[in-house]
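Trainee: I should like to go through this model and ask, for each label, on what grounds it is given. Could we look at the structure together?

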Amino acid sequence: MSRRVALPRLGEYWPGQGGIFHGLMLSRDGGADYALLSVELKHHHAGDGFDAMQVDYPKKLKIDGHSDFGMPTRAEQRVQFANAKSEQFHDAYYWSCEQDASDSDYAWLQPFGHHGHQFVWHRDVKFRGCAVRRVPIASMRPRQ
């Protein structure tokens, strides 16, 4: 008989996993479906350009013994926006990991606060960052 893994409620910290549970994501590239976790507000980056945010910020994080953090996709940011509690993000713009397909000088942002529309902005402008962890659903199954 297999045991079930209890997921935290949406918007709650997942003890031992390094972040706040924001939802289950379906893989778009044939990989494993996964649980999306966002770092707590105290671990958000105060601001940097797009390139520095992608390279430096997530690689410096080690939370609950985990160091496999990255920047969120636009789809993941929509889930963060939909499922986050108001105190989990600053009322500010946050970089995604996606550059604009039509102009590589620009990249995508998610504002948290009064609306959830996503925008592109020049990659040199400093905006905040909130790293995520992607925990494959297969790794959540207890061993039998």
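Mentor: Let us begin with a cut-off: a polar contact is a pair of N or O atoms within 3.5 Å, where one atom must be able to donate a hydrogen and the other to accept it. Please keep in mind that this is a predicted model.

Trainee: What makes the approach of the E98 side chain to the backbone nitrogen of R74 a polar contact?

Mentor: The side chain of E98 comes to 2.9 Å from the backbone nitrogen of R74. The limit is 3.5 Å, so the pair qualifies as a polar contact. E98 itself belongs to strand β5, residues 92-99. Beyond its neighbours within four places in sequence, E98 is in contact with F50, T73, R74, A107 and W108.

Trainee: Why is E98 called partly exposed?

Mentor: Its relative accessible area is 25%. Buried requires under 20% and exposed requires over 50%, so E98, at 25%, falls in between.

Trainee: Where does H44 lie, and is H44 buried or exposed?

Mentor: H44 is found in the loop between β3 (34-38) and β4 (45-48). Its relative accessible area is 9%, and the limit for buried is under 20%, so H44 is buried. Leaving aside neighbours within four places in sequence, its contacts are V39, Y57, Q88, F89, Y94, R128, G129 and C130. In addition, a polar atom of the H44 side chain lies 3.3 Å from the backbone oxygen of V39.

Trainee: How do you know that C97 and C130 form no disulfide?

Mentor: A disulfide needs two cysteine sulfur atoms within 2.5 Å. The cysteine sulfur closest to that of C97 belongs to C130 and is 13 Å away, which is too far for a bond. C130 is likewise in no disulfide, its nearest cysteine sulfur being that of C97. The count of disulfides is zero.

Trainee: Which accessibility class does each of these two cysteines receive?

Mentor: C97 has 30% relative accessibility and counts as partly exposed. C130, at 2%, counts as buried.

Trainee: What makes D51 and R123 a salt bridge?

Mentor: The criterion is a side-chain nitrogen of Lys or Arg within 4 Å of a carboxyl oxygen of Asp or Glu. For D51 and R123 the N to O distance is 2.3 Å, so the pair meets the criterion. D51 lies in helix α1 (residues 50-55) and R123 in the loop between β7 (119-122) and β8 (127-129), so the bridge ties together parts that are 72 residues apart in sequence. D51 is partly exposed at 41% relative accessibility, whereas R123 is buried at 15%.

Trainee: How many salt bridges are counted, and which of them involve strand β9?

Mentor: The count is five salt bridges. Those that involve β9 include R133 with D68, at 2.6 Å from N to O. R133 lies in strand β9 and D68 in the loop between α1 and α2, so this pair ties together parts 65 residues apart in sequence. Another is R134 with E76, whose closest N and O atoms are 2.8 Å apart. That pair links R134 in strand β9 to E76 in helix α2, 58 residues apart.

Trainee: Why are R133 and E76 called buried?

Mentor: R133 has a relative accessible area of 5%, and E76 has 1% relative accessibility. The limit is under 20%, so R133 and E76 are buried. Their partners are classed otherwise: D68, at 42%, is partly exposed, and R134, at 29%, is partly exposed.

Trainee: What makes β1 and β9 the edge strands of their sheet?

Mentor: The sheet is open and has four strands in the order β1-β2-β3-β9, with antiparallel pairing. β1 (13-14) and β9 (132-136) each pair on one side only, and they are the edge strands.

Trainee: How do you know that β2 and β3 are paired?

Mentor: Pairing requires at least two bridges between the strands. Strand β2 (residues 19-25) and β3 have five bridges in the antiparallel sense, so they count as paired. L24 stands opposite A35 in β3. Helix α2 (residues 74-83) lies across β2, β3 and β9, and runs at about 115° to β2.

Note on methods
Residues numbered from 1 in each chain as written. Predicted model: local features only at pLDDT ≥ 70, side-chain atom pairs only at ≥ 80, totals over all residues. Heavy atoms only, no water. Helix = DSSP H or I, 4+ residues; strand = E, 2+ residues; numbered from the N terminus. Buried < 20%, exposed > 50% of the residue type's maximum accessible area, 1.4 Å probe, protein only. Contact = heavy atoms within 4.5 Å. Axes fitted to C-alpha atoms, helices over the stretch in contact; angles between N-to-C directions.
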